[in-house]
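The report that follows describes how the parts of a protein assembly are arranged and how they meet. Please keep the sequence and the structure in view while reading.

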Amino acid sequence: MPAWLRRHSGLVPYLFLLPGGLWLIVFFVIPLITTASVSLQEGTLATGFRLTFNFGIFPEAIARWDDQLIRSLQYGLIVTVLAMLIGYPMAYTIAFRGGRYKNILLLLVIMPFFTSFIIRTISWKFILADQGFFLGTLKDIGIVDQGFRLLATPVAVISGITYNFLPFVVLPLYVALERIDPKLIEAATDLYASRFQAFLRVTLPLSISGVFAASLLSFIPAVGDYLNAELLGSRNETMIGNVIQRLFLVNRDYPEAAALSLILMVGILVSIFLYVRLLRGQELTV
Amino acid sequence: MAAPTSLPDRRRPIGSRLRSAILPVFTGLVVAYLFLPILVMAVFGFNDIQGRFNFTWQGFTLDHWANLFGRYPALNQSLINSLIVAVISTLVATTLGTLIGLALTRYEFRGRGPLNLLIFLPIATPEIVLGASLLALFVSAAVPLGLPTIVIAHIMFNISFVVVTVRARIAGFDRALEEAAMDLGADEWTTFRKVTFPLIFPGIMAAGLLAFALSIDDFVITQFTAGQTVTFPLWVYGASRIGVPPQVNVMGTLIFLIAMVGIVLWVVLQRRDMTARPTTMDR
Amino acid sequence: MNDSNQGGRRRRNPFLAVGISLALILAACGIDPGDSAESAGAGGSAGASAGAGEPVGGGDPEGVLNFTNWPLYIDQDDDGNSPTILAFEEEFGIDVTYSEAIEDNASFFGTIQPQLDAGQDPGHDIIVMTDWMIGNMIELGYLEPIDIERDVPNFAEHAGETYLDRSYDPGNQYSVPWQSGITGIGYNPALVDEEITSMAQLFDPEFIEKYCGQIGMFSEMRDSLSFALLYNGVTPEDATIEDVEAAQEVLLEQGECVRGYYGNEYAQGLADGSLAITMAWSGDVFQLQFDDPDLQFVVPDEGAILWTDNMAIPKGAAHPNDALAMMNYVYQPEVAAQIAEWVNYITAVPGAQEIIIENADAAEAEGDTETADYLRAVAESPLVFPTDDMLSRLYSYKVLDEEEERQWNELFQEVVQG
């Protein structure tokens, strides 16, 4: 390291932060400020928009779209829990039993995403079709009755979102689990802990930073998702993302769309804050 | 690395064998579940469609494989565009994000809280807002829209995902190893290169994978910042109005197969590497 | 520094407004974001349509054309090239960049709106937008006026009467049709006992009950509201806000049993049996019939919608003369036929039908029965060449001013999103 840098070693973190931080500031913060300003404007495309500091739009928007906001938070939570239930054992297996094939397995988890989302959804709609080979067979046998359907239900939407965010959960969990020294587990079992107890008291706490990261990476985007609800759901599964999409593109009601986006972000941040307090006392990421 | 047991497999009681099979079986099932739509997609690449839609099975044909890249030049170009964007944005975002991760976990500095917020917020913002406001930024700065603006946008949203993924790995890193290396005479850069980096590499790789997948599949933000350029998801979405041609299925399948081949090669190379240099760390 | 959005100027894109303010601030600090801030001042308030302004064109083509369209909306050969475009390039010596970047009216508009608002060249010389979006863009002053008599004479000569002078662009001052289509009712006789002939079968409570969960409607506000209006006996173009409120009631009642409000995903539902009866596009059902010849498409007694996607020149486009040359070129019946044979939507040139039949005969003579059969199917299908009887029952969307559009959108959003 050059001598001048060694002398100013306090600068090092700032140097590391600079490129990424600057990128985010220019290409995220500035547009975000624009969004905040837009939410406080009033007007239409033809007559122009004026900044009127219309703070009233926030309670209005919440009142109008409370169902969808709540539903989105609910779905986000369910998706996160499901993804965790499915993803944790997977990450555990890859990290501890993967051996040579660890990286391959990770790649396998990610690979479905190299195909287009539309194609995957079309395929899922084919698989879950009312009379498709899966449901059709069940109906023929008589396990479910003819009116039953999976598509255009909350089940389909939640499954779709979970499917989409599974890698987001598996990867951070894997990262956290992989660095746990198996000797620690061995030590626990040597000290007469059962396998399960060893897991509960050694592995799980050590992986908590991964759990934290994974839950954030699935909850946050899941709440704002709209494609799954649009393609797999019916009107009753409308999420706040769909509303924002429609307000923005179809109604061209930019202020309300911007306001709802900010409300969504605040809702998410509050949820995260509560979550952090829940995990207080655990070692999260530094 | 396997279940701590001293009996050879043959002699372990059935219950124990079954129990330790649960996890791998579960993983196998999940992978199968992940791949199910891919399988359907691959199969429909052989569908002998009569009209323009590819929803019901009509018959088997190899025509679409035969006429894969000649048929829709716009589709090919869109795929190339997507790959270029994904590769560049992944490399840049992973680098920038890892740097931030290193700074966050290993150094003291002021502004930690705001920085954390800055990293979370892009993930929490609806894509449509990110896209539209970014578009306005580009327009007001008179930046022409195209591949560069798409790359800029992708790097922006990828940085956050990289940081969150990489941090867990860097945080748990034992500084004692670095200190040991330096005690043995290595300078900071060599220590980083030979000790730190290899150990945090799994986290970086995982983050890179995530970023790549996010970029390849991104739709909304790309739509706003692409101008006239068309990426793969954009083309497919537009085509689905008239009918997604089976070539799209074939391409998806091909990408898959290529990735599979790449993985197999990697395994083979790794084995060779390990037998040649038994001191390589296998974690 | 004084031209911010709090001052006199009303910017039309709120994001852009603040963006420009920030850009100006940056400029004051010595960072120069380019010339757009100044040119935006000039172009921004290029008002709406009081006086369309001087039509573009009347000059020589410059040799470059950026033609942006929906995917798979022009003829293609097996090498992925468009014979029409190739022939055009050869005849006029114009280098065409054909891009399939339009996936959706609203989102495409959203992506070029900031540039149009700032008076910048959006990068497209021809865009293809659906009629209602054309109406909106005309109102916002985002399209270049054209002189069809001078620059697109083939249009007047060969276009069918139905396509001249439509309500969204009276006198064709800004656009000419590209392809049209019918929004009607599609249904699967295997799942539906009776023959469908009326809107009542989509909205009446007894019918809805019967097929609950297998009914499809469109997420496009104009389509679904127009259908409900027709059910109530109201011509869409004459609808008042009270009519629309009544239509909304009908839709809300129906909503319980509607499986989904679709963009174009209904096609898969119709194909795989999830949907028994649904709003549908003529072109889609024509394609689906190749796989399942039993599927039906019908124009109900009360009427249906004829929509049109149109070629238009966005404001500030760099090569209007080349654009006009293309517009004129595709209105020759042979060219229109060539496109129609592939795209299978409704062409604005009725004369194309004869030519397709001639081509079918020619193919037959050469022994290519597959192509001959296909071409005959295209020429004879009422979904590609609607009968007069059908045309008499087809209506256009109402052209909405901004206030109406806002009201209609709000009423409809409640139906679709709750």
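## A buried aspartate in chain A

Leaving aside residues up to four places away in sequence, A:Asp225 touches A:Ile161, A:Met239 and A:Gly241. The model is a predicted one. Within it, A:Asp225 lies in the loop between helix H11 (208-224) and helix H12 (227-232) of chain A.

Is A:Asp225 buried or exposed? A residue counts as buried when 20 or more other C-beta atoms lie within 10 Å of its own. A:Asp225 has 25 C-beta neighbours inside 10 Å, and therefore it counts as buried. A:Tyr92 stands 133 residues from A:Asp225 along the chain, and 27 Å separate the C-alpha atoms of the two.

## A hairpin in chain A

Chain A also contains a pair of strands. Strand E1 (residues 41-44) of chain A pairs with strand E2 (residues 48-51) of chain A in the antiparallel sense, over four bridges. The connection from E1(A) to E2(A) is a hairpin of three residues. For A:Gly43, the bridge partner in E2(A) is A:Phe49.

## The nonpolar core and the contact of chains A and B

The largest nonpolar core holds 293 residues, and the members that touch the most others are A:Ala91, A:Leu173, A:Tyr174, A:Leu260 and B:Leu210. Apart from residues up to four places away in sequence, A:Ala91 touches A:Val170, A:Leu173, A:Tyr174 and A:Leu177. Of these, A:Leu173 and A:Tyr174 are themselves named among the core members that touch the most others.

Where chains A and B meet, 80 residues of chain A are in contact with 79 residues of chain B. On the side of chain A that touches chain B, helix H2 (residues 12-39) of chain A gives the most, with 17 residues. That side of chain A is made up of 57 nonpolar, 17 polar and six charged residues.

## Chain B: helices and domains

How many helices and strands does chain B have? There are eleven helices and zero strands, so the pattern along the sequence of chain B reads α-α-α-α-α-α-α-α-α-α-α. The radius of gyration of chain B is 24 Å, whereas the globule rule gives 19 Å for 283 residues; chain B is therefore more spread out than a compact globule. The C-alpha trace of chain B spans about 70 × 65 × 35 Å along its principal axes. Of the 283 residues in chain B, 47% are buried. Among contacts in chain B between residues at least 6 apart in sequence, 79% join residues at least 24 apart.

The domain assignment divides chain B into domain 1 (15-69 + 247-283) and domain 2 (72-244). Taken over C-alpha atoms, the centres of these two domains of chain B are separated by 25 Å. Their contact takes eight residues from domain 1 of chain B and nine residues from domain 2 of chain B. The side of domain 1 of chain B that touches domain 2 of chain B has five nonpolar, two polar and one charged residues.

## The contact of chains B and C

Chain B contributes 37 residues to its contact with chain C, and chain C contributes 40 residues. On the chain B side, two or more residues come from each of helix H3 (73-106), helix H5 (127-140), helix H9 (220-225) and helix H10 (232-239) of chain B. The largest share, seven residues, comes from H5(B). By class, the side of chain B that touches chain C has 20 nonpolar, 14 polar and three charged residues.

## Chain C: domains and an enclosed strand

In chain C, the domain assignment gives domain 1 (46-174 + 317-344) and domain 2 (181-307 + 389-417). The centres of the two domains of chain C, taken over C-alpha atoms, are 29 Å apart. Nine residues from domain 1 of chain C and ten residues from domain 2 of chain C form the contact. Helix H5 (residues 131-140) of chain C supplies the largest share of the domain 1 side, three residues.

Why is strand E3 (residues 126-130) of chain C described as largely enclosed by the rest of the structure? Five of its five residues are buried, and so the description applies. In a regular strand, side chains alternate between the two faces of the sheet. On one side of E3(C), C:Ile126, C:Val128 and C:Thr130 are buried, and on the other side C:Ile127 and C:Met129 are buried. Strand E1 (residues 64-68) of chain C pairs with E3(C) in the parallel sense over two bridges, and C:Phe67 stands opposite C:Ile126. Strand E9 (residues 304-312) of chain C runs antiparallel to E3(C), joined by four bridges, with C:Met311 as the bridge partner of C:Val128.

Definitions and conventions: Residues numbered from 1 in each chain as written. Chains lettered and ligands numbered in written order. Contact = placed C-beta atoms within 7 Å. Nonpolar A, V, L, I, M, F, W, Y, C, P; charged D, E, K, R; others polar. Domains from an automatic or database assignment. Pairing = 2+ DSSP bridges. Rg over C-alpha atoms; globule rule 2.2 N^0.38 Å. Buried ≥ 20, exposed ≤ 12 C-beta atoms within 10 Å, placed from the backbone. Core = buried A, V, L, I, M, F, W, Y, C linked by C-beta atoms within 7 Å.
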